[in-house]
Amino acid sequence: MDPLSSSHQKVPSAGSKEPDELSRDKQKIQSLETEVEQLRRQLAWFKREIFGQTSERREGDGNPKQLCLGEPFITCPSESSSQKSIEVNYTRKKSNKKNINNAVNDRGLRFTDDVEVQEIRLTVPELAGENAHQYKIISENITCRLASRPSSYVVLKYIQPVVKFIGERPIIHPDPSTLDQMSVQPLLFSPAMPSSVIEKSYADVSFIANAIIDKWVYHLPFHRQQQCLQQNGITLCSGYLVQLMQRVIPLLKPIYLALLDSVVDSAVLAMDEVPTKAGHQKKTKQSPSSRGKMMTGYYWPIYGDQAEVVFPFAPTRSGKVVTDLLKGFQGTLLSDGYSAYENFAKANETVVLAQCWAHSRRKFIDSEDLEPTRAGLAVDHIRALYTIEKHIRDKKLTGKAKWRYRQAQSKPRVNDFFRWIKSETERISLLPPDDYSKAIHYVMKRETELQVYLDNPDVQIDTNHIERTLRVIPMGKKNWLFNWTESGAEAAGIVQSLLVTCKLQGVNPYEYLVDVLQRIDRHPNAQVHELTPRHWKKFFSDNPLRSPLWDIDH
């Protein structure tokens with residue numbers, strides 16, 4: 001036999017593969033096609049997030065010379081080959097700073113002549129009495145405090161007359177045993193200044209309240225507030241506002257803790273978590289190059305059944321945070337699909353877990369480009385449930401009436417929806433890596449939790465109400481970007497808890513802060529819950545404490 005012919009017989013042809021080998025090839029091709037499809041969808045998602053059209057931006061707006069992604073640079077700016085040195089001569093101008101109370105450095109309160117100044121002349125009772133002729137004003141002490149209206153800044157100039165007693169001092173021969181109990185009229189005296197929120201601070205309570213609101217309601221960073229002050233003729237040292245908040249916010253912490261107790265005492269809670277940058281990593285042996293990098297912490301907003309919300313801060317997203325915050329809670333917990341809430345409910349027999357329909361709907365919306373017909377059908381099912389909830393809100397149904405309407409209208413549609421979901425799981429074409437398949441299994445796994453709202457009229461259909469309140473966190477991050485320390489993040493959560501609750505309770509945050517900051521040091525500690533926005537509205541809103549600026553304006 002020819003060796004060449006025998007060697008040709010050993011070479012297999014293209015169509016002579018074994019069936020098992022062909023099957024493996026088909027599975028590998030199918031796996032690669034699935035992987036390519038997933039990567040394609042991920043790329044499309046990133047493009048939408050980064051380069052997609054938004055409500056504020058339209059195609060054609062902006063700089064027409066801006067290049068598209070991936071377009072090569074045609075020309076590059078060339079650096080000048082030679083640089084000429086220029087000699088600069090200048091003369092230093094004399095400082096034009098308003099010197100009040102020997103404020104010779106950047107720590108004093110300085111302002112220009114354009115700033116409105118309201119004088120408050122303190123009265124001396126001795127100058128109006130029967131013996132007024134015995135007293136004479138010999139000089140005046142001037143103390144300035146920075147105040148603000150909602151749209152302007154004002155300097156309150158307190159004028160303290162320094163009074164000298166010029167009458168005859170009676171000759172008293174006291175008993176030596178009672179000498180310490182006698183008070184002798186001093187030769188020189190002056191009326192006391194009104195108390196301030198921070199001792200020896202030139203910040204009026206109205207200025208403090210407005211600074212808090214500008215920072216955490218309008219998300220105006222402190223350096224921008226200082227720019228506004230400077231444009232209005234007022235100069236503060238660069239860190240003054242931060243130092244002021246470091247002294248003011250601890251005064252509000254007892255009120256925040258009372259608010260947290262009130263929220264956890266609710267029968268129905270909604271809870272979520274939102275990330276934020278807070279604090280810096282320290283250099284370690286394992287990661288020496290990580291020093292200085294921002295760490296990720298989390299706010300855990302909790303929404304109570306009395307329209308109150310708190311924003312506790314924790315450095316981790318661990319389930320232990322949920323256990324610590326909700327210690328002693330008994331009732332229904334409404335949340336998204338995060339496993340920490342599920343584990344907490346399993347570990348506490350007195351807690352019923354309810355889950356959000358909006359998160360289920362989002363899963364199907366994300367899969368509409370893959371299964372437009374079937375995903376659209378799921379969204380239509382859920383839309384019908386929201387139509388029923390809108391009718392309940394329009395008719396203002398509560399309690400038994402709300403429960404009966406849900407039982408008659410919502411429950412049959414929920415049962416139909418889950419029957420349809422179970423039929424979808426039996427489809428052969430439903431593959432696990434598929435986004436539509438993930439949405440189906442997400443809903444199937446949470447069938448019991450998604451039906452809790454049908455039997456409890458106090459439970460809402462979703463967590464959208466808490467997501468609306470936590471918008472203050474991402475809105476703030478777009479402006480002040482991060483919290484420099486974890487204690488700063490905790491302080492921001494304290495303030496946001498009170499301000500957002502004020503909004504939910506229909507309380508003016510400016511009036512609330514002006515009153516509470518003056519009242520907190522005289523209010524009994526055992527009754528601190530009365531200073532939370534919900535109770536403050538009942539006890540003090542009719543006659544709140546005001547800033548001295550209010551007396552001037554009115």
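Two strands count as paired if DSSP finds at least two bridges between them. The views below apply that rule to a predicted model.

**View 1. A mixed sheet of five strands.**
The strand order is β11-β10-β7-β13-β14. The sheet is open, and its pairing is mixed. β11 (309-310) and β14 (351-355) form the edges, and each pairs on one side only. Inside the sheet, strand β7 (residues 268-271) runs antiparallel to strand β10 (residues 302-303). Two bridges join β7 to β10. One residue to pick out is M271, whose bridge partner in β10 is I302.

**View 2. An antiparallel sheet of three strands.**
This second sheet is also open, with the order β8-β9-β12. Its pairing is antiparallel. The edge strands, β8 (274-280) and β12 (313-314), each pair on one side only. Strand β9 (residues 294-299) pairs with β12 over two bridges, in the antiparallel sense. Y299 has F313 of β12 as its bridge partner.

**View 3. Two helices across the three-stranded sheet.**
Helix α15 (residues 472-480) lies across β8 and β9. Against β8, α15 runs at about 45°. Helix α16 (residues 486-505) lies across β8, β9 and β12. Against β9, α16 runs at about 25°.

**View 4. Helix α5 and its bend.**
Helix α5 covers residues 240-264, which is 25 residues. At 1.5 Å a residue, α5 should span 36 Å. The end C-alpha atoms of α5 are 36 Å apart, so the two values agree. α5 nevertheless bends by about 35° at L252. A proline, P254, follows L252 within four residues.

**View 5. Helix α3 against α5.**
The axes of helix α3 (residues 205-216) and α5 come within 11 Å. They cross at roughly 105°. Angles of 65 to 115 degrees count as roughly perpendicular, and α3 and α5 are therefore roughly perpendicular to each other. On the α3 side, the contact uses F207, I208, A211, I212 and W216. On the α5 side, these residues meet Y240, L241, L244, M245, V248 and I249. By class, the contact of α3 with α5 has 11 nonpolar residues, no polar and no charged.

**View 6. Helix α4 against α5.**
Helix α4 (residues 222-231) packs on α5 at an angle of about 120°. The axes of α4 and α5 are 9 Å apart. The two helices are therefore oblique to each other. From α4, the contact takes F222, Q225 and Q226. From α5, the contact takes Y240, L241, V242 and M245. The contact of α4 with α5 holds five nonpolar and two polar residues, with no charged residue.

**View 7. The α9 and α10 pair.**
Helix α9 (residues 372-395) packs against helix α10 (residues 399-425) at about 175°. The axes of α9 and α10 are 10 Å apart. That angle makes α9 roughly antiparallel to α10. Among the α9 residues in the contact are R374, L377, H381, L385, I388 and I392. α10 contributes residues including Y405, R406, Q409, R413, F417 and W420. The contact of α9 with α10 divides into 11 nonpolar, four polar and six charged residues.

Key. Residues numbered from 1 in each chain as written. Predicted model: local features only at pLDDT ≥ 70, side-chain atom pairs only at ≥ 80, totals over all residues. Heavy atoms only, no water. Expected span 1.5 Å × (residues − 1). Bend = angle between axes of the 7 residues up to and from the residue. Axes fitted to C-alpha atoms, helices over the stretch in contact; angles between N-to-C directions. Parallel < 35°, antiparallel > 145°, perpendicular 65-115°, else oblique. Contact = heavy atoms within 4.5 Å. Nonpolar A, V, L, I, M, F, W, Y, C, P; charged D, E, K, R; others polar.
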